[in-house]
Amino acid sequence: MKTKNKNLAVAAEIEAKFYPVEKYSIRKKIEKHGFKCTYPERKMRRTVFDHNDNPQVDAHYIRVRDEGDAGITLSAKVHASQDGDVSDQKELVTTVEDYDT
């Protein structure tokens, strides 16, 4: 992700999703090892903007997400290229005041 601010550090993001998952079965297995859920499951409202609709932004997509008590975040995501390194996957996140504006 290009930025004019050279002091702005953008961390690599590694994310994995598994589908389908029997979440209750997985939770039981995790709890057997002494772990507990610290953030209750909740529905998170989100809107995703595609880079094709926003060519002025150097990101693959932009997301606004209402994370409940954690606030509302605005994320710009850049995917690693096919022949690139997983550390090329980047995400820049900030908080915003209002989801609907």
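This is a short group-meeting talk on the side-chain contacts and the burial in one protein model.

Okay, hi everyone. Before anything else, keep in mind that this is a predicted model. I'll start with the layout and then walk through the contacts.

So, the layout. We have one helix and four strands, and reading from the N terminus the order is α-β-β-β-β. The protein has 101 residues, and 15% of them are buried.

Now the charges. As a general reminder, oppositely charged side chains can pair when their charged atoms come close. In this structure there are five salt bridges, and I'll go through some of them.

Let's take R45. Which residues share a network of salt bridges with R45? They are D66 and D100. For the D66 bridge, the closest N and O atoms are 3.9 Å apart. R45 belongs to the loop between α1 and β1, while D66 is in strand β2, residues 61–66, so this bridge ties together parts 21 residues apart in sequence. If you're working with a cut-off, note that a salt bridge here needs the nitrogen within 4 Å of the carboxyl oxygen, and the R45 to D66 pair comes in at 3.9 Å.

The other partner is D100, and here the closest N and O atoms are 3.4 Å apart. That pair links distant parts of the chain, with R45 in the α1 to β1 loop and D100 in the segment after β4, 55 residues apart.

How open are these three to the outside? R45 is partly exposed, at 40% relative accessible area. D66 also counts as partly exposed, at 23%. D100 is exposed, with 60% relative accessibility.

And R45 has something else going on. Its charged end sits over the ring of Y99, 3.7 Å from the ring centre. So if you click on R45 in the viewer, look for D66 and D100, and then for the Y99 ring.

While we're on rings: how many aromatic pairs does the model have? Zero, by the rule used here.

Next, strands β3 and β4. E91 and K77 meet in a salt bridge, 3.1 Å from N to O. E91 sits in strand β4 and K77 in strand β3, so the pair ties together parts that are 14 residues apart in sequence. Are these two buried or exposed? E91 is buried, with a relative accessible area of 18%, and K77 is buried as well, at 4%. The cut-off for buried is under 20%, so E91 at 18% does make it into that class.

E91 also has a polar partner. The side chain of S75 makes a polar contact with the E91 side chain, at 3.4 Å. S75 is in strand β3, which covers residues 72–78, and S75 is buried, with just 1% relative accessible area.

Staying on β3, T73 lies in that strand too. T73 counts as buried, with 9% relative accessibility. Its side chain is joined to the side chain of E67 by a polar contact of 2.8 Å. There's one more distance for T73: its C-alpha is 8.8 Å from that of E97, and the two residues are 24 apart along the chain.

Last stop, the surface. V21, I26, I30 and F35 make a nonpolar patch of about 360 Å². Of those, let me pick out F35. Where is F35? You'll find F35 in the loop between α1, residues 23–32, and β1, residues 46–50. F35 is exposed, at 55% relative accessible area.

To wrap up, here are the spots I'd pull up on screen. There's the salt-bridge network of R45, D66 and D100. There's E91, with its salt bridge to K77 and its polar contact with S75. And there's the nonpolar patch that includes F35. That's it from me, thanks.

Note on methods. Residues are numbered from 1 along each chain as its sequence is written. This is a predicted model: local features need pLDDT of at least 70, side-chain atom pairs count only at pLDDT 80 or more; totals for chains, interfaces and linings use all residues. Side-chain values use heavy atoms; hydrogens and water are left out. Rings of Phe, Tyr and Trp (its six-membered ring) pair if their centres lie within 6.5 Å; planes under 30 degrees apart count as stacked, over 60 as edge-to-face and the rest as tilted. A charge sits over a ring if NZ of Lys or CZ of Arg is within 6 Å of the ring centre and within 35 degrees of the ring normal. Patches are made of residues with over 30% relative accessible area and no salt bridge: like charges are joined within 9 Å, nonpolar side chains (Val, Leu, Ile, Met, Phe, Trp, Tyr) within 5 Å. Accessible areas come from the Shrake-Rupley method with a 1.4 Å probe; for residues, only the protein chains shown count as cover. A salt bridge is a side-chain nitrogen of Lys or Arg within 4 Å of a carboxyl oxygen of Asp or Glu. Helices (H or I, at least four residues) and strands (E, at least two) are DSSP runs, numbered from the N terminus. Buried means under 20% relative accessible area, exposed over 50%, partly exposed in between (1.4 Å probe, protein chains only). A polar contact is a pair of N or O atoms within 3.5 Å; within protein, one must be able to donate a hydrogen and the other to accept it, and residues adjacent in sequence count only if both atoms are side-chain atoms.
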